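Student: Hello! Could you help me find my way around this structure?
Tutor: Gladly. Let's look together.

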Amino acid sequence: MVEMNKLVWKIGGEAGYGIMSTGLMFAKACLRGNLHIFDYIEYPSLIRGGHNNYTVRVEEKEVNCQIQLVNILAALNKETIDLHLQQLTKKGVVIYDNDDFPIDITKLRNDVSYLHIPLLKIVRDLKAERVMRNNILLGASFAVVSYDFAIIESIIKDSFKGKGEEIINQNIALAKAGYDYVITNYKEVVKHFPNKLKKIGENKDHIILTGNEACSLGALAAGCKFVSIYPMTPISAILSFMEIY
């Protein structure tokens with residue numbers, strides 16, 4: 001039984017691996033399909049290292065919270081699998097690079113699928129940087145749910161606008177490589193994966209707001225003229241937002 005437009009996707013890895021940018025692109029791609037999203041971000045106060053993860057819940061109807069279950073886990077390191085494997089639903093999917101961090105799947109859950117994608121090889125073949133592995137996972141994740149790649153491509157173009165045609169094309173190529181790798185090598189997984197995403201209706205003007213941004217907009221709308229806050233993550237984002245507006 002297929003559950004259309006109902007999905008929880010999570011990506012995890014170290015700080016500096018592009019977790020936040022990839023999560024945001026995943027959410028925006030779903031939003032561009034007129035779907036509703038609710039994001040949840042976890043990160044330590046570290047510039048590099050530590051465990052970061054970004055979760056996107058997708059539904060056709062408006063959602064206002066996260067749930068503990070995950071359908072797709074995109075892992076940029078072994079720690080992500082160690083920490084979040086038990087959140088996966090039955091028939092869930094783990095996407096990872098077994099060449100980068102080998103795992104013995106015989107010792108792990110046998111009710112989920114483990115999709116090895118040679119991320120390091122792909123970035124080398126496309127003459128990209130290691131940090132750009134995240135875009136391969138982005139494309140691979142959307143392939144599992146049979147989402148229209150044209151939407152993903154449009155989001156990448158918007159996200160890297162201003163960085164030059166070469167950077168844009170390289171990131172699109174990486175996402176397409178991940179997308180095609182799944183379609184080519186994991187046909188049965190894609191066929192039987194119970195959650196699918198598909199654009200609905202005509203384009204709508206949706207935006208993504210963080211809690212801090214929503215709080216700031218509410219304060220401004222109510223006439224707030226002065227803000228005094230100790231500048232510490234994550235509340236410091238309110239100061240940054242208020243300074244701009």
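Student: What should the 14 residues of α1 span at 1.5 Å a residue, and why does that agree with the model?

Tutor: Keep in mind that this is a predicted model. The expected span is 1.5 Å times one less than the number of residues. The end C-alpha atoms of α1 are 20 Å apart, which agrees because its 14 residues should span 20 Å.

Student: In what order do the strands of the open sheet of six strands lie?

Tutor: Start at the borders: β3 (36-42) and β7 (113-116) are the edge strands, each pairing on one side only. The pairing within the sheet is mixed, and the twist averages 15 degrees from one strand to the next. Read across, the order is β3-β4-β2-β5-β6-β7.

Student: Which residue in β4 does I37 stand opposite?

Tutor: Look at β3 and strand β4 (residues 49-59), which pair in the antiparallel sense over seven bridges. Across from I37, in β4, you will find V58.

Student: About what angle does the direction of helix α1 make with that of β4?

Tutor: Helix α1 (residues 19-32) packs on the sheet, where it touches β2 (6-15), β3 and β4. Compare the direction of α1 with that of β4, and the angle is about 5 degrees.

Student: What do the buried residues of α1 pack against?

Tutor: Buried means under 20% relative accessible area, and the buried residues in α1 include I19, F26 and L31. Their partners come from both strands and helices: the buried residues of α1 pack against β2, β3, β4, α4 (133-144) and α5 (149-159).

Key. Residues numbered from 1 in each chain as written. Predicted model: local features only at pLDDT ≥ 70, side-chain atom pairs only at ≥ 80, totals over all residues. Heavy atoms only, no water. Pairing = 2+ DSSP bridges. Helix = DSSP H or I, 4+ residues; strand = E, 2+ residues; numbered from the N terminus. Axes fitted to C-alpha atoms, helices over the stretch in contact; angles between N-to-C directions. Contact = heavy atoms within 4.5 Å. Buried < 20%, exposed > 50% of the residue type's maximum accessible area, 1.4 Å probe, protein only.
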